[in-house]
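Please open the model in your viewer and keep the sequence beside it. The tour below moves from one selection to the next and says what is to be found at each stop.

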Amino acid sequence: MKCVLLCLFSIQLLIAEEVEKYTFVLPGDSRLQEVSAKVSLEELQSKHLQEIIDQMFLIARGERSDMEKGVMVGLAAPQIGILKRIILVDTGVEMGKEELGQLEVFINPVLLKKSSTIVMEREGCYSVADCLCGIVPRSESVVVQALDRNGFSLTREFSGMTARIFQHEIDHLEGIRFPDRVGPDGVLHWVKEDEYPEYRKNWQQWKVLCSWSDWCAMKSGKKHN
Ligand SMILES: [Zn+2]
């Protein structure tokens with residue numbers, strides 16, 4: 001019994017170490033504004049790169065365990081300080097539904113097509129201040145080309161929420177975050193963590209605004225909320 005307990009303890013320690021290897025960089029970190037590098041086929045086959053992908057899944061799944069918080073539906077490698085063109089996207093989630101879909105990894109993703117139909121929707125991000133959200137214009141549907149983790153090329157079409165997540169995550173690979181897409185004439189909101197359920201219902205009428213200059217200060221690392 002003692003041995004079993006010890007093994008379990010060791011496994012737990014191992015998992016804890018794995019999760020701690022990479023963490024979210026702060027919103028003012030300059031890496032979030034850099035362009036990430038393409039992953040070569042040779043690099044993709046390496047143990048190191050495959051470990052990075054595993055780490056990204058571990059981090060994202062950890063964040064998804066608490067549905068009361070802002071829910072993680074996508075993750076880009078630069079958000080955890082890795083300047084490589086790797087993203088995770090929940091390809092099954094739908095706006096307004098409580099259930100999550102399945103996270104998938106996409107390497108070197110490229111948007112081959114973006115629909116001319118633009119949709120305004122709310123977005124948040126783990127790489128801006130905790131409580132910052134905004135109304136972001138995005139194409140309603142996209143065609144994505146990428147590699148899977150085994151190096152096979154894929155081309156798929158997505159619409160709605162999933163198309164939005166792809167645009168958000170691929171922006172991270174270019175050093176762009178959602179407030180940059182909102183722009184100085186758009187709408188940024190402050191939303192406290194315990195206000196998220198209300199925000200999901202009433203984001204269009206939200207009254208607590210964040211100014212463009214506050215976002216610029218945050219981005220340059222001068223200010224945190
Ligand atoms: Zn983000």
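Begin by selecting Asn 108, which is found in strand β3; helices (H or I, at least four residues) and strands (E, at least two) are DSSP runs, numbered from the N terminus. This is a predicted model, in which local features need pLDDT of at least 70 and side-chain atom pairs count only at pLDDT 80 or more, while totals for chains, interfaces and linings use all residues. Residues are numbered from 1 along each chain as its sequence is written.

**First stop: around Asn 108**

Is Asn 108 buried or exposed? Asn 108 is buried, because 20 other C-beta atoms lie within 10 Å; a residue counts as buried if 20 or more other C-beta atoms lie within 10 Å of its own, as exposed if 12 or fewer do, and as partly exposed in between, with C-beta atoms placed from the backbone. Now add Lys 38 to the selection: although it is 70 residues apart from Asn 108 along the chain, their C-alpha atoms are separated by 5.9 Å. Leaving aside residues up to four places away in sequence, Asn 108 touches Lys 38, Val 39, Arg 85, Ala 146 and Leu 147, where contact requires C-beta atoms, placed from the backbone, within 7 Å of each other.

**Second stop: the sheet of 5 strands**

Widen the view to the open sheet that contains β3, where 5 strands follow the order β1-β2-β3-β6-β7 with antiparallel pairing; two strands pair if DSSP finds at least two bridges between them. β1 (74–76) and β7 (153–159) stand at the edges with a single partner strand each, so one side of each has no neighbour in the sheet. From one strand to the next, the twist averages 40 degrees; axes here are lines fitted to C-alpha atoms, for helices over the stretch in contact, and angles run from 0 to 180 degrees between N-to-C directions.

Within this sheet, select β2 (residues 86–90) and β3 (residues 103–114), which run antiparallel and are joined by 5 bridges. To see one of the bridge pairs, pick Leu 88 together with its partner in β3, Val 105. Helix α3 (residues 47–63) lies across β1, β2 and β3, and runs at about 35 degrees to β2.

**Third stop: helix α4**

Next select α4, residues 160–173, a helix of 14 residues that reaches 21 Å from its first C-alpha to its last, close to the 20 Å expected at 1.5 Å a residue; the expected span is 1.5 Å times one less than the number of residues. How many residues of α4 are buried? The helix is mostly covered, with 12 of its 14 residues buried, among them Arg 164, Phe 166, Glu 169 and Leu 173. Just after α4, Gly 175 takes a positive phi of about 80 degrees.

Follow α4 across the sheet you have just visited: it lies across β1, β2, β3, β6 (141–147) and β7, running at about 160 degrees to β2. The helix also lies across β4 and β5 (132–139), at about 105 degrees to β5.

**Fourth stop: the nonpolar cores**

Select Leu 75, Ile 87 and Leu 88, which touch the most other members among the 27 residues of the largest nonpolar core; such a core is a set of buried Ala, Val, Leu, Ile, Met, Phe, Trp, Tyr and Cys residues joined through C-beta atoms within 7 Å. At least two residues of this core are supplied by each of α3, β1, β2, β3, β6 and α4, and the largest share, 6 residues, comes from α4. Apart from this core lies another, of 12 residues, which include Val 182, Leu 188, Cys 210 and Trp 215.

**Last stop: the sheet of 4 strands**

Finally, select the open sheet whose 4 strands have the order β4-β5-β8-β9 with antiparallel pairing, and whose edge strands, β4 (118–124) and β9 (209–210), each pair on one side only. β4 and β5 pair over 7 bridges in the antiparallel sense, and Gly 124 has Cys 133 as its bridge partner in β5. Cys 133 in turn has His 189 as its bridge partner in β8, and His 189 stands opposite Leu 209 in β9, so that these residues can be picked one after another.

How values were computed:
Two residues are in contact if their C-beta atoms, placed from the backbone, lie within 7 Å.
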